[in-house]
Amino acid sequence: MRISPKMKKALNDQVALEGLASSSYLAMASWCEVTGYKGAADYFYAQSDEERTHMIKIIHYLNDIGATATIPAIKAPSGTYKSLEGLVKTALKNEQTVTKAIHKMVELSHKEKDHSTYAFLEWFVNEQVQEETKFETVLQKFDLIGRDKIAINEIDKILAAEAATPDADPAA
């Protein structure tokens, strides 16, 4: 199967974006771990794994259709944050960036009448709704519970519970 050079570039750019997301979540998890947020650390380590799975899913798609994936160098993410809430806001912004990129690829697949890639991307469109909702829900907890030490401890426990009960196979 052939895809356009423009679509191939967009998909390879997405490989890099998913890799950066994985790396960013890994840095967030590490910060949480050394800051004492064990639940948040577990949550973001799981998020990092999930983003890597997304990256691999795109790599397999490119390779399966004979387009050959390009494995990019990933720039180092920030490793310092002022607060758990700030970190979650950054994570939401990252997911919104990924969502925009996926939507652009969907638009390109429509324009090029690339039905196979469109069908492949549908899963990512639905996944991004879930991803953004996860972080928006965590941010709501700060408004509902508060921002004092006890509230942040409760939010850390909520993230621990989320990490302990991950969604069914995120790459399915």
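**Group meeting: salt bridges, helix packing and loops**

Let me start with a pair of side chains. E131 and K134 form a salt bridge, and their closest N and O atoms are 3.2 Å apart. Keep in mind that this is a predicted model.

Where do E131 and K134 sit in helix α4? They are three residues apart in that helix, so about one helical turn separates them. Buried or exposed, then, for E131? E131 is buried, with a relative accessible area of 0%. K134 has 17%. The cut-off for buried is under 20%, so K134 counts as buried too.

Now stay with K134, because this residue lies in helix α4 at 17% relative accessible area and is buried. K134 has another salt-bridge partner, E50, with an N to O distance of 3.5 Å. Which parts of the chain does that pair link? E50 is in helix α2, residues 38–64, and K134 is in helix α4, residues 115–145. The two are 84 residues apart, and the pair links distant parts of the chain. Both E50 and K134 are buried.

One more point on K134. Its C-alpha atom is 8.7 Å from that of L92. Along the chain, K134 and L92 are 42 residues apart.

How many salt bridges does a search of the whole structure find? Eight.

Here is another of interest. R147 bridges to E85, with the closest N and O atoms 2.8 Å apart. R147 lies in the loop between α4 and α5, and E85 lies in helix α3, residues 84–111. The pair therefore ties together parts that are 62 residues apart in sequence. What about cover? E85 is buried, at 13% relative accessible area. R147 is partly exposed, at 44%. So the two ends fall on either side of the cut-off of 20%.

E85 and R147 also belong to a network of salt bridges. The network links E85, K89, D143 and R147.

Next, helix packing. Take helix α1, residues 5–35, and helix α3. Their axes come within 11 Å. How do they cross? At roughly 170 degrees. Angles over 145 degrees count as roughly antiparallel, so that is how α1 and α3 run relative to each other. Which residues make the contact? They divide into 16 nonpolar, six polar and four charged.

For a single residue of α1, look at A21. A21 counts as buried, at 6% relative accessibility. The C-alpha atoms of A21 and V98 are separated by 8.5 Å. In the chain, these two residues are 77 apart.

Here is a pair of another kind. N63 and A76 are 13 residues apart in sequence. How far apart are they in space? Their C-alpha atoms are 26 Å apart. N63 is in helix α2. At 39% relative accessibility, N63 counts as partly exposed.

On to the loops, and to backbone angles. T68 is in the loop between α2 and α3. Phi of T68 is near 55 degrees. That is a positive value in a residue other than glycine. T68 has 49% relative accessibility. Exposed means over 50%, so T68 counts as partly exposed.

K113 is in the loop between α3 and α4. Phi of K113 is also near 55 degrees, again positive and again not in a glycine. Is K113 buried or exposed? K113 is exposed, with a relative accessible area of 63%.

Last stop, the surface. L144, I145 and I158 make a nonpolar patch of about 270 Å². I158 is in helix α5, residues 149–164. I158 is partly exposed, with a relative accessible area of 30%.

To recap three items on the model. K134 has salt bridges to E131 and to E50. R147 and E85 are part of a network with K89 and D143. Helices α1 and α3 are roughly antiparallel.

Definitions and conventions: Residues numbered from 1 in each chain as written. Predicted model: local features only at pLDDT ≥ 70, side-chain atom pairs only at ≥ 80, totals over all residues. Heavy atoms only, no water. Patch = residues over 30% accessible without salt bridge, like charges linked within 9 Å, V, L, I, M, F, W, Y side chains within 5 Å. Areas by Shrake-Rupley, 256 points an atom, 1.4 Å probe, with all protein chains shown as cover. Salt bridge = Lys/Arg side-chain N within 4 Å of Asp/Glu carboxyl O. Helix = DSSP H or I, 4+ residues; strand = E, 2+ residues; numbered from the N terminus. Buried < 20%, exposed > 50% of the residue type's maximum accessible area, 1.4 Å probe, protein only. Axes fitted to C-alpha atoms, helices over the stretch in contact; angles between N-to-C directions. Parallel < 35°, antiparallel > 145°, perpendicular 65-115°, else oblique. Nonpolar A, V, L, I, M, F, W, Y, C, P; charged D, E, K, R; others polar.
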